[in-house]
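Subject: Handing over a structure, with notes

Dear colleague,

I am passing on a structure that you have not worked with before, and I would be glad if you could read the notes below with the model open beside them.

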Amino acid sequence: MKKITVLAGGVGGARFVRGLLHELTATGHDADVTVVVNTGDDVWLDGLRVCPDLDTVMYTLGGGIHEDQGWGRTGESRRTSAEIAAYGRGWPWFTLGDLDLATHIVRTDLLRSGSTLSEATAFLCRRWQPGARLLPMSDQPVETHVRLVADVDEHAAGDLIHFEEWWVRYRAHVEVSEFVQVGLASATAAPGVVDSILEADLVVLPPSNPVVSLGTILAVPGVREALQTTAAPVVGVSPIIGGQAVRGMAGHCLQTIGVATSAAGVGLHYGSRASGGVLDAWLVDETDAASLPALTAAGIRAAAVPLWMHDVPTTASIAAEVLAISLR
Ligand code: GDP
Ligand code: CA
């Protein structure tokens, strides 16, 4: 039995893991997959604990995701959200579908009765049967905020606002100076997170946002150290293709922390394990083959293969490349 641990954000991480599970099944591999999920996007909204990345992974793997949106449930209405907006409450620009709201109600009920987020997640997954073990990165709230450079709406320059407000309300088009993980100082990795990395046969950094998804998980005490010391190979997949953050605004995040929006830029930002980083190998898209020498020179095994996750079969092929380069 092979153990594979994947660190994941929302859409990119979820789609990759779905392809990985498909590939493992198709090739008859008997593997245990653990997904350590970013909870930096979590937020209290309308009295409910919303965990966007955990839910995207759970719905994607469990067959309930709204495929075109990448988040929320297929076939849900916005009637409840519209009613909340009619009271002038909530975030009108962050609509939650009514089927999705049921998940947040159940989760909040469990948390209020004393369950940890890990326990609440395991409970929700009993229904969704995602085919992998889903672990929140931490049971303590660690919420990513951004610091505004200039006044915008009711916020003043220098204020911290929740990442989701910057991302969804402002589409990342408002300049920010830094990302701050509120709560990180007193947070610990959730049960099983560090062990799942140390005891793995393979660790994967899928094409998730390197700053606010994987960067946040890596900042949780003990996680980066576990990646540096595990005996397992650590393989990453570039979320940047041809200098573009595909399907999203990750380029704005990279720009804020001074990292080039390129396959090599992100690979070098993670760095090779031999030089204090977290990667043994890094897959770039075939259109980014020119970046291979720079990565190799930095001690990272690299290969150029198609990295568009168009559908489950193409994503399974990416997972097959991850498995292949991990053995080289
Ligand atoms: P989020 O939390 O929903 O933003 O999801 P993640 O952090 O897991 O992943 C978002 C990132 O996935 C985006 O910023 C893109 O860079 C990357 N991404 C999305 N679709 C693709 C794809 O088809 N191929 C690759 N290589 N990356 C992708
Ligand atoms: Ca996210």
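What follows goes through the domains, the cores, the calcium site, the salt bridges and a few single residues. Please keep in mind throughout that this is a predicted model.

Domains and cores

The domain assignment divides the protein chain into domain 1, which covers 2-139 + 192-326, and domain 2, which covers 143-182. The C-alpha centres of these two domains are 22 Å apart, and across the boundary 21 residues of domain 1 are in contact with 18 residues of domain 2.

The largest nonpolar core has 54 residues, and the members that touch the most others are L7, W166, L205, V223, L227, Y270 and W282. At least three residues of this core come from each of domain 1 and domain 2. There is also a second, separate core of 41 residues, with V33, V57, L202 and L323 among them.

The calcium ion

The calcium ion (ligand 2) is coordinated by OD atoms of D41 and D53, with D53 listed twice, at 2.1 to 2.6 Å. D41 sits in the loop between strand 2 (31-37) and strand 3 (43-45), while D53 belongs to helix 2 (residues 52-62), so the pair ties together parts that are 12 residues apart in sequence. D41 is buried, with a relative accessible area of 5%, and D53 also counts as buried, at 6% relative accessibility.

Salt bridges

The structure holds 8 salt bridges. One of them joins the side chains of R49 and E143, with an N to O distance of 2.7 Å. Because R49 lies in strand 4 (residues 48-50) and E143 in strand 6 (residues 143-148), this pair ties together parts that are 94 residues apart in sequence. R49 is buried, at 6% relative accessibility, and E143 is buried as well, with a relative accessible area of 14%.

A further salt bridge is formed by the side chains of E154 and R169, at 3.2 Å from N to O. Here E154 lies in the loop between strand 6 and strand 7 (160-162) and R169 in helix 6 (residues 163-169), so that the pair ties together parts that are 15 residues apart in sequence. R169 also meets E165 in a salt bridge, with 2.6 Å from N to O, and these two residues, being 4 residues apart in helix 6, are separated by about one helical turn. The burial of the three residues is as follows: E154 counts as exposed, at 57% relative accessibility, R169 is partly exposed, at 25%, and E165 is buried, at 7%. Together with D153, the residues E154, E165 and R169 are linked in a network of salt bridges.

D288 and helix 11

Which residue of opposite charge has the nearest side chain to D288, a buried residue with no salt bridge? That side chain belongs to R247, and it is 14 Å away. D288 is placed in the loop between strand 13 (281-284) and helix 12 (292-297), and, apart from residues up to four places away in sequence, D288 touches I240, I241, G242, G243 and A263.

One of these contacts, A263, leads on to helix 11 (residues 263-270), which is mostly covered, with 6 of its 8 residues buried. The buried residues in helix 11 are A263, A264, G265, V266, G267 and Y270, and they pack against strand 9 (202-205), helix 8 (214-219), strand 11 (240-241), helix 10 (250-256), strand 13 and helix 12. Just after helix 11, G271 has a positive phi of about 80°.

M309

The last residue to look at is M309, found in the loop between strand 14 (301-304) and helix 13 (312-327). M309 is buried, with a relative accessible area of 8%. The C-alpha atoms of M309 and G19 are separated by 8.6 Å, although the two residues are 290 residues apart along the chain. Leaving aside neighbours within four places in sequence, M309 is in contact with G12, R15, F16, P207, R247, T314, T315 and I318.

With best wishes

Note on methods. Residues are numbered from 1 along each chain as its sequence is written. Chains are lettered from A and ligands numbered from 1 in the order in which they are written. This is a predicted model: local features need pLDDT of at least 70, side-chain atom pairs count only at pLDDT 80 or more; totals for chains, interfaces and linings use all residues. Side-chain values use heavy atoms; hydrogens and water are left out. A nonpolar core is a set of buried Ala, Val, Leu, Ile, Met, Phe, Trp, Tyr and Cys residues joined through side-chain atoms within 4.5 Å. Buried means under 20% relative accessible area, exposed over 50%, partly exposed in between (1.4 Å probe, protein chains only). Domain bounds come from an automatic or database domain assignment. Donors are N, O and S atoms within 2.8 Å of the metal (3.2 Å for Na, K and Ca); water is not among the atoms, so sites may look incomplete. Lys and Arg count as positive and Asp and Glu as negative; His and the chain ends are not counted. A salt bridge is a side-chain nitrogen of Lys or Arg within 4 Å of a carboxyl oxygen of Asp or Glu. Contact means heavy atoms within 4.5 Å.
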